[in-house]
Amino acid sequence: MTKKKCPQCKNLILKTSPTCLYCGRPNKFITKEYVNKKWNKDINKNVFDYIFINKYLVFILFLILTIIIILN
């Protein structure tokens with residue numbers, strides 16, 4: 001991996017790291033998208049819950065349909 005010197009503390013850091021490990025200076029231009037992607041884990045959780053609930057409902061409907069077919 002390629003490294004560069006931090007402009008503030010002059011230690012070597014990776015070009016892909018978001019901040020300097022030694023002094024904490026930001027290495028990348030931090031945007032609202034970057035912060036939301038990094039720290040808001042609720043976005044992925046909501047998508048997972050939505051998919052899980054849909055699969056759960058399909059299973060219940062399939063179970064009810066099977067019971068109705070068996071009873072007739």
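**Figure 1. A nonpolar patch on the surface of the predicted model****.** Tyr-56, Leu-57, Phe-59, Ile-60, Leu-63, Ile-64, Ile-67, Ile-68 and Leu-71 come together here as a nonpolar surface patch, and their accessible area adds up to about 900 Å². To get your bearings, pick out Leu-57, which sits in helix H2, residues 42-71. Leu-57 is partly exposed, and its relative accessible area is 46%. Keep in mind that everything shown in these views comes from a predicted model.

**Figure 2. The whole chain, element by element****.** Before zooming in again, here's the overall layout. You'll find two helices and two strands in the chain, and starting at the N terminus they follow the order β-β-α-α. Of the 72 residues, 7% are buried. The accessible surface of the chain is about 6900 Å², with carbon and sulfur atoms accounting for 66% of that. What about contacts between residues at least 6 apart in sequence? Of these, 0% link residues that are at least 24 apart.

**Figure 3. Cysteines without a disulfide****.** How many disulfides does the chain have? The count is zero. Take Cys-6, which is in no disulfide: the nearest cysteine sulfur belongs to Cys-23, and it lies 3.7 Å away. Cys-6 is buried, with a relative accessible area of just 2%. Now look at Cys-23. The cysteine sulfur closest to its own is in Cys-20, at 3.7 Å, which is too far for a bond, because a disulfide needs the two sulfur atoms within 2.5 Å. Is Cys-23 buried or partly exposed? Cys-23 is partly exposed, at a relative accessible area of 33%.

**Figure 4. Lys-10 and its positive phi****.** This view moves to the loop between strand E1 (3-5) and E2, where you'll find Lys-10. Lys-10 isn't a glycine, yet it has a positive phi of about 70 degrees. Lys-10 is also exposed, with a relative accessible area of 53%.

**Figure 5. Confidence along the chain****.** How far should you trust what you see? The average pLDDT of the chain is 79, and 74% of the residues score at least 70. Which element has the highest mean pLDDT, and which the lowest? Strand E2, residues 12-14, comes out highest with a mean of 90, while helix H1, residues 32-39, is lowest with 72. Where pLDDT is low, don't read the predicted coordinates in detail.

Notes. Residues are numbered from 1 along each chain as its sequence is written. This is a predicted model: local features need pLDDT of at least 70, side-chain atom pairs count only at pLDDT 80 or more; totals for chains, interfaces and linings use all residues. Side-chain values use heavy atoms; hydrogens and water are left out. Buried means under 20% relative accessible area, exposed over 50%, partly exposed in between (1.4 Å probe, protein chains only). pLDDT is the predictor's confidence in each residue, from 0 to 100. Helices (H or I, at least four residues) and strands (E, at least two) are DSSP runs, numbered from the N terminus. Patches are made of residues with over 30% relative accessible area and no salt bridge: like charges are joined within 9 Å, nonpolar side chains (Val, Leu, Ile, Met, Phe, Trp, Tyr) within 5 Å. Accessible areas come from the Shrake-Rupley method with a 1.4 Å probe; for residues, only the protein chains shown count as cover. A salt bridge is a side-chain nitrogen of Lys or Arg within 4 Å of a carboxyl oxygen of Asp or Glu. Contact means heavy atoms within 4.5 Å.
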